[in-house]
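Got your viewer open? Load the model and follow along, one selection at a time.

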Amino acid sequence: EAELKELSVQSPEWIWPQLYLMRRHIRFHDADSALTALGLAMDRAKDENKVHVLREAIRMYGKLFSYERAFRFFSEQLGLGASDKQVAGMLRTLADIGPKKNLFDWVLLREIAHSLESNTRELFDIAYAYGEEYDTNSVAFERYREHCRLESSTSSAANNMGVLIKNDAAV
């Protein structure tokens, strides 16, 4: 921890020492220190790297407090004018830390993130999630088709489309 603090002092414009300190404090369930590190990282963040700080903040609030507190932080950042890239990053993190009981909550957050910042890997993950539920296989097929249109070198999406057709799941 001392080395990270020293590195933080030596490079006051760098966010990563604070983020690593924050992760360390999270592991030890030290909420006050994690919040302090988050504050310093937020102060140092620039437009090009702020998404990393916001994603770590969502993880911190989710692990140390609650999913609801993480979502409240997300809402506060929306009110402060977060960019589409920052919003998409926070939504992806909310989806990852959220309750795993409801596939549709996860997919909804990822779909919104994808609409703000297109990502072919995310599109594949969304299609795969839809394919896990029988009632949404036709949506999975369409998402795989979109993925293949955007990334022609993929064979996994085409294979999964074939599985859906073989199982007579796709319309």
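We'll start with the whole chain, then zoom in on a couple of residues.

Before clicking, know that this is a predicted model, where local features need pLDDT of at least 70, side-chain atom pairs count only at pLDDT 80 or more, and totals for chains, interfaces and linings use all residues. Residues are numbered from 1 along each chain as its sequence is written, and side-chain values use heavy atoms, with hydrogens and water left out.

**Stop 1: everything, as cartoon.** You'll find 10 helices and 0 strands (helices are DSSP runs of H or I, at least four residues; strands are E runs, at least two; both are numbered from the N terminus). Along its principal axes, the C-alpha trace spans about 60 × 30 × 30 Å.

**Stop 2: colour by confidence.** pLDDT is the predictor's confidence in each residue, from 0 to 100. The protein's mean is 91, with 98% of residues reaching 70 or more. Select helix α1 (residues 2-10) for the lowest confidence, a mean of 81, then helix α4 (residues 50-65) for the highest, at 97.

**Stop 3: switch on the surface.** About 9700 Å² is exposed, and carbon and sulfur atoms supply 51% of that (areas come from the Shrake-Rupley method with a 1.4 Å probe; for residues, only the protein chains shown count as cover). Of the 171 residues, 42% are buried, meaning under 20% relative accessible area.

**Stop 4: arginine 44.** Hide the surface and go to helix α3 (residues 31-44), where arginine 44 is found. What is the nearest side chain of opposite charge to arginine 44? That is glutamate 13, 7.1 Å away; arginine 44 is buried yet has no salt bridge (a side-chain nitrogen of Lys or Arg within 4 Å of a carboxyl oxygen of Asp or Glu). For charge, Lys and Arg count as positive and Asp and Glu as negative, while His and the chain ends are not counted. Now show the contacts of arginine 44 (heavy atoms within 4.5 Å): leaving aside neighbours within four places in sequence, they include Ser8, Pro12, Trp14 and Gln18.

**Stop 5: alanine 140.** Jump to helix α9 (residues 137-150), home of alanine 140. Is alanine 140 buried or exposed? Alanine 140 is buried, with a relative accessible area of 0%. Beyond its neighbours within four places in sequence, alanine 140 is in contact with Ala127, Tyr130, Gly131 and Leu164.

**Last click: a distance.** Draw a line from the C-alpha of alanine 140 to that of histidine 29: the two atoms are separated by 39 Å, and the residues are 111 apart along the chain.

Technical notes:
Buried means under 20% relative accessible area, exposed over 50%, partly exposed in between (1.4 Å probe, protein chains only).
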